[in-house]
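Subject: Structure for you to look at

Hello,

Here is the structure I promised to pass on. Please open it first, then read my notes alongside it.

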Amino acid sequence: MTSTGETTATAQATGSPMLMHRLLEEDLLERGGGRPFDPAPGLLRRRGQGPVQPLRLRNGAPAWLVTGLDEARTVLSDPRFSADRVRHPDATGLSPQEAEAFAATGVAPARPHVERRTDGMFIFMDPPEHTRLRRLLTGQFTLRRMKALESRIREIAAGLIAEMTAAGTEADLVPAYALPIPSLVICELLGVDPADRAGFQERTAISLNVKASEQERARAQLEMHAFIQGLIAAKRAHPADDMLSGLAHEADPPLSDAQLVDIALLLLAAGHETTANMLGLGAFALLEHPGQLAALRADPSLLETAVEELLRYLSIVQMGVSRVAVEEVTLGGVTIPAGGTVVIAMPEANRDPRHWDDPDRLDVRRPRAPHLAFGHGVHQCLGQQLARVELQVGLGELVARLPRLRLAVPAGQVPLRNDMLIFGVHSLPVTWA
């Protein structure tokens, strides 16, 4: 069992991206204004001001915004920047008084030392604790399992398109297609009964809605926690050929139930929410760039590079990735004090003109180049190859099977997910008549 202090600290750590969104000015987050695929207006206005810029949060705390690709890669790979929100709380955890003192003196407030972490929130850990848990998970992403899932993904996508066309000539692509594909895949990966996916989607949406009340999010998180606990108990009693069973029975030393719950929750959110929104927003982007869609239809071999370009161009993870400097660091010519929080602006880093020509243009023929859609360094996304397959198959099947696919409403009426941690569209009405 974790101590009360560590449990509280872990809860604060997992809430950090949500708090960060609430403490950032809206013009750094909300896309739209006729340019739903571009970075937020506040980011566009900051262009030309350097790859690392000072940033003031709404609680008064100083932070630093990283917009350059090279600098972002450094933050994500340099051990002088910590992901551990228990040992190194970021600026979202500062009280107004602490924020004011830090801004005035440049000295971060001291925090209680944590000897050992016993939770499973590995994305908020540093090596060596992170290394052990990540190695266990890497061992579950076997080539055999991934190949079996690829054929299943194609079967799922084809079946969903058949259901849409059998029901008529219009559909909302988000609930009918974009959400079910990754939901069904992650259910199979973790051994979750597909019948439970609707409740999972609902709870996940509430917990990631930055405009939901604290009570609504807390209730959704408690319900999800209870569901995962029951699932783990079932896997311990009756193991099957799934990832959660493997983690429950093959780890040495064994993982506790609390660690398994944390890991499962992270995998469910990471394996579902991001891919679902990339499918919906990616389809929207292609429909709004008919020349690019036509090129993809004419040459399906472009699909792999098209997915990489969409990942770069759309950057659905906006401002939720942050790190804390554990010592004074000079980055991009800017000095960041020990305890300082750096926030990576993924949409800008993925459009760094030092690395891409005409970066604000979608080009499905653009040669593949490194981007940050799946992160970088030791925390780079474990399931990125699976996500790529889901996107390639999901978008490829749409393009091939629905040659007349188009929006059923004006583009300006497509509701954007500016109220969520992960950007995308809430719905995407389409027709193929």
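**What I found**

Start with Asp358, which sits in the loop between α15 (346–349) and α16. Its phi is positive, near 45°, and Asp358 is not a glycine. Is Asp358 buried or partly exposed? Its relative accessibility is 44%, so it counts as partly exposed. That fits the cut-offs: buried means under 20%, exposed means over 50%, and partly exposed lies in between. Keep in mind that this is a predicted model.

**A second positive phi**

Now go to Ser315. This residue also is not a glycine, and it has a positive phi of about 45°. Look for Ser315 in the loop between α14 and β5 (322–325). Its relative accessibility is 3%, so Ser315 counts as buried.

**The helix before it**

Ser315 comes just after α14, so to speak of one is to meet the other. Helix α14 covers residues 303–314, which makes 12 residues. From first C-alpha to last, α14 reaches 16 Å. That is close to the 16 Å expected at 1.5 Å a residue.

How many residues of α14 are buried? The count is 10 of its 12, and the helix is mostly covered. Among them are Leu303, Ala306, Val307, Leu310, Leu311 and Leu314. Charged residues are on the list too, including Glu308, Glu309 and Arg312. Tyr313 is another of the buried residues.

What do these buried residues pack against? Their partners are α12 (257–287), α13 (290–298) and α16 (384–401).

**A residue in α12**

Pick out Leu287 next. It belongs to helix α12. With a relative accessible area of 14%, Leu287 is under the 20% cut-off and therefore buried.

Which residues does Leu287 touch, apart from neighbours within four places in sequence? It is in contact with Leu293, Leu405, Arg406, Leu407 and Val430. Take Arg406 from that list. Leu287 and Arg406 are 119 residues apart in sequence. In space, their C-alpha atoms are 6.1 Å apart.

**Two cis peptide bonds**

Pro127 and Pro128 are joined by a cis peptide bond, with omega about 5°. Pro128 is in the loop between α4 (96–105) and α5 (129–138). Asp252 and Pro253 are also joined by a cis peptide bond, and omega is about 5° there too. Pro253 is in the loop between α11 (243–250) and α12.

**The whole chain**

Zoom out now. The chain has 16 helices and 10 strands. Its C-alpha trace spans about 65 × 55 × 40 Å along the principal axes. What radius of gyration would a compact globule of 433 residues have? The value would be near 22 Å; the chain has 21 Å, which agrees.

Of the 433 residues, 53% count as buried. Consider the contacts with a separation of 6 or more: residues 24 or more positions apart account for 73% of them.

The accessible surface comes to about 18,400 Å². Carbon and sulfur atoms hold 55% of that surface. The chain carries 44 positive and 52 negative charges. The mean positions of the two sets are 3 Å apart.

Best wishes

Methods:
Residues are numbered from 1 along each chain as its sequence is written. This is a predicted model: local features need pLDDT of at least 70, side-chain atom pairs count only at pLDDT 80 or more; totals for chains, interfaces and linings use all residues. Side-chain values use heavy atoms; hydrogens and water are left out. Helices (H or I, at least four residues) and strands (E, at least two) are DSSP runs, numbered from the N terminus. The radius of gyration is taken over C-alpha atoms; the globule rule is 2.2 Å times the number of residues to the power 0.38. Buried means under 20% relative accessible area, exposed over 50%, partly exposed in between (1.4 Å probe, protein chains only). Contact means heavy atoms within 4.5 Å. Accessible areas come from the Shrake-Rupley method with a 1.4 Å probe; for residues, only the protein chains shown count as cover. Lys and Arg count as positive and Asp and Glu as negative; His and the chain ends are not counted. The place of a charge is taken as NZ of Lys, CZ of Arg, CG of Asp or CD of Glu. The expected span of a helix is 1.5 Å times one less than its number of residues.
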